[in-house]
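Student: Got a minute to go through a structure with me? I'd like to start with the inside and then move on to the charged pairs.

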Amino acid sequence: MPKFTIDHQSSKSAQEAYTKIKEFLANDQDIRKFDPKLACNFNDGAMSCKMNGSQFKADMNVAASGAGSKVSVTVDLPLMLTPFKGKITETLQKKLSKYLA
């Protein structure tokens, strides 16, 4: 399964960014268009999340970076969904920018 990583720098603190990411993953329906069975398992202490669905898996981590934070999302796609990599990347980048602006 091909993996790719999306990194996003935010001016928000790591804790604030993590809270916003939790809100995004819990409520945003756009990401569920790719996989309606997506389930998120949050680890508040590590500020991370493991996402498992029927179509793909992903790991998200938030870490302090300078005066703000860095969000990293590593997506693990099955070969047959590789053509959707661009659309998934675009959607995640747009949503991270929206929630962490």
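Student: How do the residues of the lining of the largest cavity divide into nonpolar, polar and charged?

Tutor: Keep in mind that this is a predicted model. The lining has 14 nonpolar residues, with no polar and no charged ones.

Student: Which residues lie nearest the centre of the largest cavity?

Tutor: Those are L25, I31, M51, V73 and L92, out of 14 lining residues. The elements that give two or more residues to this lining are α1, β4 (57-65), β5 (68-76) and α2.

Student: And what volume does the largest cavity have?

Tutor: About 90 Å³. The count is 1 cavity of 30 Å³ or more.

Student: OK, switching to charges. How many salt bridges does the count come to?

Tutor: The count comes to 8. Take D44 and K22 as one of them: their side chains meet with N to O at 3.1 Å. That pair links distant parts of the chain, 22 residues apart, with D44 in the loop between β2 (39-43) and β3 (48-52) and K22 in helix α1 (residues 14-27).

Student: Is D44 buried or exposed?

Tutor: In between: D44 is partly exposed, at 44% relative accessible area. Its partner K22 also counts as partly exposed, with 26% relative accessibility.

Student: What does D30 form a salt bridge with?

Tutor: With K95, and the closest N and O atoms are 2.7 Å apart. Here too distant parts of the chain are linked: D30 sits in the loop between α1 and β2, K95 sits in helix α2 (residues 85-99), and 65 residues separate them.

Student: Why does K95 count as buried?

Tutor: Because its relative accessible area is 8%, and buried means under 20%. D30, on the other hand, is partly exposed at 27%.

Student: Where do E90 and K87 lie?

Tutor: Both are in helix α2, 3 residues apart, which is about one turn of the helix. They form a salt bridge too, with the closest N and O atoms 3.9 Å apart. E90 is partly exposed at 45% relative accessibility, and K87 is partly exposed as well, with a relative accessible area of 44%.

Student: Last one: which residues do salt bridges with shared partners join into one network?

Tutor: D28, D30, K33 and K95. So the D30 and K95 pair we talked about belongs to that network, with K95 as its buried partner.

Technical notes:
Residues are numbered from 1 along each chain as its sequence is written. This is a predicted model: local features need pLDDT of at least 70, side-chain atom pairs count only at pLDDT 80 or more; totals for chains, interfaces and linings use all residues. Side-chain values use heavy atoms; hydrogens and water are left out. A salt bridge is a side-chain nitrogen of Lys or Arg within 4 Å of a carboxyl oxygen of Asp or Glu. Helices (H or I, at least four residues) and strands (E, at least two) are DSSP runs, numbered from the N terminus. Buried means under 20% relative accessible area, exposed over 50%, partly exposed in between (1.4 Å probe, protein chains only). On a 1 Å grid over the protein atoms alone, a cavity is a set of points where a 1.4 Å probe fits but cannot get out, and a pocket is an open set with protein on both sides within 12 Å along at least five of seven lines; lining residues have an atom within 4 Å of a point. Grid points are joined across faces, edges and corners, and a volume is the space filled by probe spheres set on the points. Ala, Val, Leu, Ile, Met, Phe, Trp, Tyr, Cys and Pro count as nonpolar, Asp, Glu, Lys and Arg as charged, and the others, Gly among them, as polar.
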